Protein chains: 2
Amino acid sequence: MGKSGSKAPSIRDVAHAAGVSTATVSRTLSNPDVVSETTREAVFLAIRETGYTVNLAARNLRKRETGAVAILLPNLANPFFSRILSGIAEVMSEAGLSVLISDTTPMAKDDHRLPEYVNQNNVDGIIVLDGNLRQDALLNRGSPEVRAPMVFACEWISQIDRPIVTVDNQEASVRAVQHLLSLGHRRIGHICGPPDNVLTASRLEGARGAMQSVGLRMKPEWIYPGDFSLQSGSEAAKIWHGSSDRPTAVYCACDEMALGFIGELTRRKVAVPQEVSVVGFDDLDMAAHFVPSLTTICQPRVTIGRTAARLLLERMRMTPQERSARPAPRVVLPVKLAVRESTAPPPG
Amino acid sequence: MGKSGSKAPSIRDVAHAAGVSTATVSRTLSNPDVVSETTREAVFLAIRETGYTVNLAARNLRKRETGAVAILLPNLANPFFSRILSGIAEVMSEAGLSVLISDTTPMAKDDHRLPEYVNQNNVDGIIVLDGNLRQDALLNRGSPEVRAPMVFACEWISQIDRPIVTVDNQEASVRAVQHLLSLGHRRIGHICGPPDNVLTASRLEGARGAMQSVGLRMKPEWIYPGDFSLQSGSEAAKIWHGSSDRPTAVYCACDEMALGFIGELTRRKVAVPQEVSVVGFDDLDMAAHFVPSLTTICQPRVTIGRTAARLLLERMRMTPQERSARPAPRVVLPVKLAVRESTAPPPG
DNA sequence: CTGAAAGCGCTTACAG
DNA sequence: CTGAAAGCGCTTACAG
């Protein structure tokens with residue numbers, strides 16, 4: 001159980017107790033096969049007796065590692081990220097790495113700074129979930145040799161050539177719209193993501209393209225602005241409701257907007273899907289429990305997290321040279337269309 | 001910008017460049033007032049030239065600190081925690097500490113282990129948001145002198161005497177039920193939290209007590225089991241719907257269950273609040289946007305996070321002796337009742 | 001298989 | 001105000 005002393009037991013205490021050198025204790029821990037069985041047992045006994053646990057700061061200093069990875073995400077309060085985080089945390093924890101989470105919202109576009117520990121490279125790797133960070137902030141982290149490897153997930157910055165884990169946003173949008181087309185819809189609208197988001201264009205283009213390929217057109221007035229928030233979804237509903245030339249179905253760039261949209265419509269006595277069909281994107285937990293339950297594109301969020309984590313671990317094992325020699329992979333994960341109650345044939 | 005070398009610049013490089021000792025560089029960084037202005041400027045210039053940033057592992061080793069705090073929470077995927085996390089991250093980041101997040105779900109009751117970095121005290125402090133962790137796992141972290149301080153938030157473990165940040169769950173429940181009483185309800189039910197959760201009893205007792213104090217009784221068949229999940233809310237709705245002796249209002253121990261309850265009822269063509277009123281607890285983002293919007297107890301989640309973080313910082317500044325001498329405070333934060341569409345006078 | 005020794009990059013009494 | 005030196009607790013060639 002460890003004696004009650006004024007400081008934690010160190011490797012020296014263990015060495016004393018076991019009658020060996022600190023080097024041997026260290027080897028027993030990191031490479032047990034290289035020490036004799038007798039020694040090994042003596043050391044393990046001494047470790048138990050003293051209650052020793054390795055001091056990570058010392059190990060990290062010596063090994064020139066940090067034992068930590070940073071996750072940069074735009075909004076900790078957004079439920080979209082929680083499962084991704086979960087997937088990352090799971091893989092990193094298995095790898096013995098700790099996960100530092102940093103909400104990037106405070107550091108808006110005008111703020112160049114990243115969290116201290118990222119800027120100073122006090123992490124061994126970085127996963128970026130925010131495509132709106134400043135490019136220079138992300139790259140000015142010392143010379144290439146000391147810069148921790150980085151991977152993007154979900155969002156990315158086109159100018160920065162790093163591995164990306166994502167879904168085919170355009171193809172997913174095509175699927176969403178084809179579902180509406182197959183129900184008989186011909187007038188299909190879209191609530192967009194934020195204008196400055198990398199995903200916004202591909203989701204809009206996918207939707208537009210799907211319509212064009214069957215000879216239809218998405219009227220500009222059916223394209224509603226949005227910013228991924230519940231609020232912007234209800235704003236879109238107000239516009240929809242106030243217009244005389246309405247789409248019979250609306251494909252939304254994310255679930256939150258879809259739920260905000262449906263909520264506002266329901267409040268205005270507009271029935272979904274009887275009067276208008278709605279499709280979302282993401283498949284938040286709430287999507288299946290909302291009334292009506294939401295037809296949506298299901299992003300494999302835990303898998304995205306796990307994949308990004310594994311990709312990062314892989315890059316961390318490479319030398320800077322290997323990393324820059326090897327092209328940054330782009331992993332595209334499959335999505336599913338979850339068909340639920342919010343879509344039906346058009347009215348009339 | 002820093003030269004392009006094979007390793008990051010160290011304090012020695014700066015000392016060289018500035019023509020001073022490493023001690024002076026260190027002082028300039030940690031205690032600028034103590035060095036002369038000329039020296040200070042030379043050092044700052046050298047820092048800029050070399051692109052130096054402090055190596056935290058080295059600093060931490062030397063200062064016998066870790067520069068990190070751990071957050072133990074039961075479920076990263078639960079939106080309830082995201083804003084709390086946000087509040088914690090904000091305060092800790094200002095204090096220059098990094099936040100290690102650990103999902104405790106993988107380590108269920110049968111698993112004694114905490115994350116490595118917690119068990120080995122490779123953190124300077126711990127915030128526990130999970131009242132179901134094993135007591136011994138939380139306490140067996142070496143002798144009192146080396147054990148990192150710990151505070152509880154939202155949930156806690158009664159046997160462990162540590163600061164707690166919480167709301168008055170019983171009083172909040174009284175308020176929720178009084179609201180229903182004031183609308184004229186006399187038959188009020190409750191969907192409970194998980195049986196093994198610290199909050200479950202106080203929320204149920206508050207509800208019961210509020211009824212008793214006006215001479216009413218909560219019938220046992222109106223008390224539905226739950227586990228804080230959407231799913232358990234819809235299960236309760238099925239029981240409610242299948243019964244002939246129904247309450248006219250149901251107070252739910254959390255918003256997710258309330259939303260699951262309403263969702264299932266709506267699906268069964270039972271109108272909320274016309275046929276049954278519903279009150280939740282937490283005030284998730286979704287609560288205001290659901291249809292009908294949810295009357296609920298609003299927990300100040302960001303404030304809970306910030307307060308827990310500040311309390312922990314305070315404890316971290318104390319010696320172990322001071323900590324054990326000073327009684328662990330219990331900070332009770334005020335809640336508000338947000339009255340929305342899901343509550344109305346009883347039918348008939 | 002094992003130990004002595006150097007060193008990871010800092011900070012901090014101590015002495016001046 | 002500043003520097004030389006010790007030391008935080010590890011790991012790892014190196015030598016045997």
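**Two chains, two DNA strands**

Colleague: What residue of chain A does E341(B) form a salt bridge with?
Modeller: This is a predicted model, so take every value as computed from it. In the salt bridge of E341(B), the closest N and O atoms are 3.0 Å apart. The count between chain B and chain A is two salt bridges. The partner you asked about is R267(A).

Colleague: How many residue pairs are in polar contact across the interface of chain B and chain A?
Modeller: Let's start with who takes part: chain B gives 50 residues to the contact and chain A gives 51. Counting polar contacts there, with both residues at pLDDT 80 or more, the number of pairs comes to eight.

Colleague: Which element gives the most to the side of chain B that touches chain A?
Modeller: Back at the salt bridge, E341(B) pairs with R267(A). On the chain B side, the elements giving two or more residues are α4, α5 (79-94), β2 (98-103), α10 (230-242), α11 (255-267) and α12 (285-289). With six residues, the one that gives the most is α5(B).

Colleague: And how much area do chain B and chain A bury between them?
Modeller: Carbon and sulfur atoms make up 63% of that buried area. The full figure for the two chains is about 4300 Å².

Colleague: On to the DNA. How many residues surround DNA strand D, and what share of its atoms within 4 Å of the protein is sugar and phosphate?
Modeller: There are 26 residues around DNA strand D, and the closest come from both chains: S26(A), R62(A), T24(B), R27(B) and T39(B). Among the strand's atoms that come within 4 Å of the protein, the sugar and phosphate share is 66%.

Colleague: Which element gives the most to the surface near DNA strand D?
Modeller: Look at the phosphate oxygens: one is 2.6 Å from a polar backbone atom of I11(A), and one is 2.7 Å from an N or O atom in the side chain of R59(A). On chain B, a polar backbone atom of S36(B) is 3.1 Å from a phosphate oxygen of this strand. Two or more residues come from each of α2 (22-30) and α4 (56-63) of chain A, and from each of α2 (22-30) and α4 (56-63) of chain B. The element that gives the most, with four residues, is α4(A).

Colleague: Which residue has a side-chain N or O atom 2.3 Å from a base oxygen of DNA strand C?
Modeller: Around DNA strand C there are 26 residues, with T24(A), R27(A), T39(A), S26(B) and R62(B) coming nearest. Sugar or phosphate makes up 65% of the strand's atoms within 4 Å of the protein, and bases make up the rest. The residue that reaches the base oxygen with its side chain is R62(B).

Colleague: Which element gives the most to the surface near DNA strand C?
Modeller: Chain B backbone atoms meet the phosphates here: a polar one of I11(B) is 2.6 Å from a phosphate oxygen, and an N or O atom of N55(B) is 3.4 Å from one. The elements giving two or more residues are α2 and α4 of chain A plus α2 and α4 of chain B. With four residues, the one giving the most is α4(B).

Colleague: How many residues of the surface near DNA strand C are nonpolar?
Modeller: That surface also has eight polar and eight charged residues. The nonpolar residues number 10.

Note on methods. Residues numbered from 1 in each chain as written. Chains lettered and ligands numbered in written order. Predicted model: local features only at pLDDT ≥ 70, side-chain atom pairs only at ≥ 80, totals over all residues. Heavy atoms only, no water. Near = heavy atom within 4 Å. Polar contact = N/O pair within 3.5 Å; in protein donor to acceptor, adjacent residues only side chain to side chain. Nonpolar A, V, L, I, M, F, W, Y, C, P; charged D, E, K, R; others polar. Contact = heavy atoms within 4.5 Å. Buried area = accessible area lost by both parts, 1.4 Å probe. Salt bridge = Lys/Arg side-chain N within 4 Å of Asp/Glu carboxyl O.
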